[in-house]
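Work through these three exercises with the coordinates open. Each task is followed by a solution in steps.

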Amino acid sequence: MRIEKQATFWQCFRAELPVGKRVLVTPHVRADADAICSSLALARALNKLGYEAQVYLDEHPSAYYDFLPALDQLKVYDSRHDQEDFDALLVLDCHEPSRLEKRAAWWNVAPVLFVADHHQLGEEESLLANSCYWVAPDWSSTSAIVYRLIREMESVSQKTLMDDELAFLLASGIYADTGGLRYSNASPATFRIVGELAEYDISLAFISEKLFSTISLEEFRARGLAFTKTRFECDGRLAWCFFQERELEACSVSRDQLGAFSSLLREVKGVDLSLFILENTRDDGRSELNISIRSSEKFTALPIAKALGGGGHLKACGATVPVDNNIYDSVEKVLRVARQGLAGEQEA
């Protein structure tokens with residue numbers, strides 16, 4: 001069932017899952033701040049109501065997020081968890097089983113599936129019968145969705161769930177996905193939510209500093225290398241950089257630490273579309289390209305991502321493209337799609 005508001009989502013949840021049941025909470029692979037923060041916050045709120053909620057990731061969070069509270073409450077999936085006994089799967093910041101990777105098997109065996117996300121749901125995507133989807137692409141972040149959901153949980157239960165730690169997590173998730181309230185997805189409703197969270201004992205200045213103004217020396221040097229590798233095309237409207245895995249290793253940085261590089265390229269005057277293309281070797285040995293795509297206010301990036309088999313938001317999205325034989329040929333295929341998109345003028 002697809003729903004449109006938090007009240008209906010919580011009604012569905014309560015109807016399907018009595019208090020005391022075990023819930024696995026899980027976001028997309030390579031979880032970013034919004035995914036981590038929304039998952040931790042909602043799991044904690046559920047536990048306060050008497051559910052047994054546990055957050056699982058595919059991998060340990062990047063050290064970039066060490067400032068976040070409650071990280072010790074995360075569990076990293078391994079094959080032993082295939083036998084987990086649970087009553088419901090709650091997927092956040094993601095609505096596709098492929099983006100769960102190692103945890104994807106849970107999607108098909110979950111007694112009940114709940115999905116809350118703010119990424120675009122494809123028209124061709126079918127909803128499972130034993131599921132409840134709240135997919136709201138007009139919301140700034142999944143952390144904002146979880147904030148409204150927790151307020152609904154409080155209203156129905158007549159219990160206080162929000163506290164300083166939850167406020168810190170949710171504000172961090174919202175700040176991360178809105179660029180510190182600078183991006184176009186920061187609606188008036190987003191500002192109101194952040195204003196309400198700021199009433200708790202948290203520091204928005206501290207959150208902003210940790211997310212946007214603090215990088216390691218290794219990341220600083222890696223960015224320097226990435227800038228030298230950046231190319232501009234289409235009269236300066238297209239900026240792109242291809243970063244190889246061996247270069248990551250040489251710089252001693254993780255892929256998360258360079259994840260925001262596409263946003264930096266977009267900030268160059270005249271750039272309407274930016275791509276950061278990062279080589280990745282899967283566990284099975286196959287190579288792929290992880291592509292982070294950003295666009296200016298007068299151009300829409302999402303059609304580019306969809307043409308590459310990806311998705312996301314109108315202005316901030318991504319895709320994963322398998323490498324056929326020659327990695328440079330694969331990079332060129334990606335760039336060809338980007339050039340065609342600009343030539344076709346996918347206006348905002």
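A residue counts as buried under 20% relative accessible area, as exposed over 50%, and as partly exposed in between. The model used here is predicted.

**Exercise 1. Classify the salt-bridge partners Glu-332 and Arg-339.**

Step 1. The two side chains meet at 2.6 Å, N to O.
Step 2. Glu-332 has a relative accessible area of 31%, so it is partly exposed.
Step 3. Arg-339 has 24% relative accessibility, so it also counts as partly exposed.
Step 4. Try another pair: Lys-333 and Asp-324 form a salt bridge at 2.9 Å, N to O. Lys-333 is at 41% and is therefore partly exposed.
Step 5. Add Arg-286 and Asp-284, which pair at 2.8 Å, N to O. Asp-284, at 44%, is partly exposed.
Step 6. The structure holds 18 salt bridges. Some residues link into a network: Arg-44, Lys-48, Asp-163 and Glu-165.

**Exercise 2. Describe how helix 2 and helix 5 are arranged.**

Step 1. Take residues 33-48 for helix 2 and residues 164-177 for helix 5.
Step 2. Their axes come within 8 Å and cross at roughly 155°.
Step 3. Angles over 145 degrees count as roughly antiparallel. Helix 2 is therefore roughly antiparallel to helix 5.
Step 4. The crossing of the two helices is left-handed.

**Exercise 3. Place Ile-215 and assess its surroundings.**

Step 1. Ile-215 sits in the loop between helix 7 (204-212) and helix 8 (217-229).
Step 2. Its relative accessible area is 33%, so Ile-215 is partly exposed.
Step 3. Ile-215 forms a nonpolar surface patch with Leu-217 and Phe-220. Together they have about 300 Å² of accessible area.

Terms used:
Residues are numbered from 1 along each chain as its sequence is written. This is a predicted model: local features need pLDDT of at least 70, side-chain atom pairs count only at pLDDT 80 or more; totals for chains, interfaces and linings use all residues. Side-chain values use heavy atoms; hydrogens and water are left out. Patches are made of residues with over 30% relative accessible area and no salt bridge: like charges are joined within 9 Å, nonpolar side chains (Val, Leu, Ile, Met, Phe, Trp, Tyr) within 5 Å. Accessible areas come from the Shrake-Rupley method with a 1.4 Å probe; for residues, only the protein chains shown count as cover. A salt bridge is a side-chain nitrogen of Lys or Arg within 4 Å of a carboxyl oxygen of Asp or Glu. Helices (H or I, at least four residues) and strands (E, at least two) are DSSP runs, numbered from the N terminus. Buried means under 20% relative accessible area, exposed over 50%, partly exposed in between (1.4 Å probe, protein chains only). Axes are lines fitted to C-alpha atoms, for helices over the stretch in contact, and angles run from 0 to 180 degrees between N-to-C directions. Angles under 35 degrees count as roughly parallel, over 145 as roughly antiparallel, 65 to 115 as roughly perpendicular and the rest as oblique. A crossing is left-handed if the near helix is turned anticlockwise from the far one by less than a right angle, and right-handed if clockwise.
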